Amino acid sequence: MDIQYRQAEKADLEGIAALAGQAAARMLSQGIDQWDEFYPLREDFEQDVNGGQLTVGMLGDEIAVIYTINEEYEPEYDSAKWKEPEKSFCILHRLCVNPVFQNQGIARRTMEHIEQEAAAKGIQAIRLDVFSQNPHALKLYRNRGFEEVGTTQWRKGLFYLMEKYLA
């Protein structure tokens, strides 16, 4: 099962929005009240596509995973105790595995891909925020070596600010 990663296109937006809706419903069925009708919005994904920041991972003709990488972050990130704040970094947003492909190692392999791509571009760290009530995401990031460097409260509750240094 070889995931083919490519920059998302406008033609992908319907599939991306549907995937996010399905993932939100799956999370809610697991008691994870993270994504809803307010976030993420189709407009969020459209902005990511227009900015060339959203990647899709394809398995055959189906979108298996999506994620956005950029340098944009909320002001709450400034309160984190980044270990080496002077190092170059990117921010990972909205990593989402299509529910059809969950529990098949897609997220782990995608994180490996993200880390390799970032390191190849000379980026020294990846930062992200993760919902404290999402055990699957927490396990993924901790297993990949991400460390908590702060917390923040957003509309849905407590989020951990995390980072991983690549070099």
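**Close-up views of a predicted model**

**View 1. N103 sits in the loop that runs between β4 and α3.** This is a predicted model, so keep that in mind for every view here. The backbone of N103 has a phi near 65°, a positive value in a residue that isn't glycine. Is N103 buried or exposed? N103 is exposed, with a relative accessible area of 78%.

**View 2. R94, a residue of strand β4, also has a positive phi.** Its phi is near 55°, and R94 is another residue other than glycine. With a relative accessibility of 14%, R94 counts as buried, because the cut-off for that label is under 20%.

**View 3. Here is the largest nonpolar core, made of 25 residues.** Which residues have the most contacts inside this core? They are L92, L95, M111, V130 and Y141. Several elements chip in at least two residues each: strands β3 (62–70), β4 (89–97), β5 (125–131) and β7 (157–165), plus helices α3 (106–120) and α4 (135–143). Another core lies apart from this one; it has 20 residues, including A8, L13, A20 and C96.

**View 4. Zooming in on L95 shows what it touches, sequence neighbours within four places left aside.** On the list are V65, I66 and Y67, along with T110 and M111. L140 and Y141 complete the set of contacts made by L95.

**View 5. Helix α4 has a buried side made up of A137, L138, L140 and Y141.** Looking down the axis of α4, these buried residues fall within an arc of 165°, so they line one face of the helix. K139 and N143 are on the other side of α4, and both are exposed. What covers the buried residues of α4? The cover includes strands β4, β5 and β7 together with helix α3. Just after α4 comes G145, with a positive phi of about 95°.

**View 6. Helices α1 (residues 13–29) and α2 (residues 42–50) cross at roughly 135°.** Their axes come within 10 Å of each other. That crossing makes α1 oblique to α2. As for handedness, α1 passes α2 in a right-handed crossing. Which residues meet where the two helices come together? From α1 there are L13, E14, I16 and A20, and from α2 there are R42, F45, E46 and V49. Two of these α1 residues, L13 and A20, turn up again among the members of the 20-residue core.

**View 7. A cis peptide bond joins Y39 and P40.** The omega angle of this bond is about -10°. And where does P40 sit? P40 is in the loop between α1 and α2, the two helices of the previous view.

**View 8. E115 belongs to helix α3 and is buried.** Its relative accessible area is 8%, and the cut-off for calling a residue buried is under 20%. Sequence neighbours within four places aside, E115 is in contact with two residues whose side chains are charged by name, R144 and K164. The other contacts of E115 are I126, F146 and L166.

Technical notes. Residues are numbered from 1 along each chain as its sequence is written. This is a predicted model: local features need pLDDT of at least 70, side-chain atom pairs count only at pLDDT 80 or more; totals for chains, interfaces and linings use all residues. Side-chain values use heavy atoms; hydrogens and water are left out. A nonpolar core is a set of buried Ala, Val, Leu, Ile, Met, Phe, Trp, Tyr and Cys residues joined through side-chain atoms within 4.5 Å. Buried means under 20% relative accessible area, exposed over 50%, partly exposed in between (1.4 Å probe, protein chains only). Helices (H or I, at least four residues) and strands (E, at least two) are DSSP runs, numbered from the N terminus. Contact means heavy atoms within 4.5 Å. The arc is that of the directions from the helix axis to the C-beta atoms. Axes are lines fitted to C-alpha atoms, for helices over the stretch in contact, and angles run from 0 to 180 degrees between N-to-C directions. Angles under 35 degrees count as roughly parallel, over 145 as roughly antiparallel, 65 to 115 as roughly perpendicular and the rest as oblique. A crossing is left-handed if the near helix is turned anticlockwise from the far one by less than a right angle, and right-handed if clockwise.
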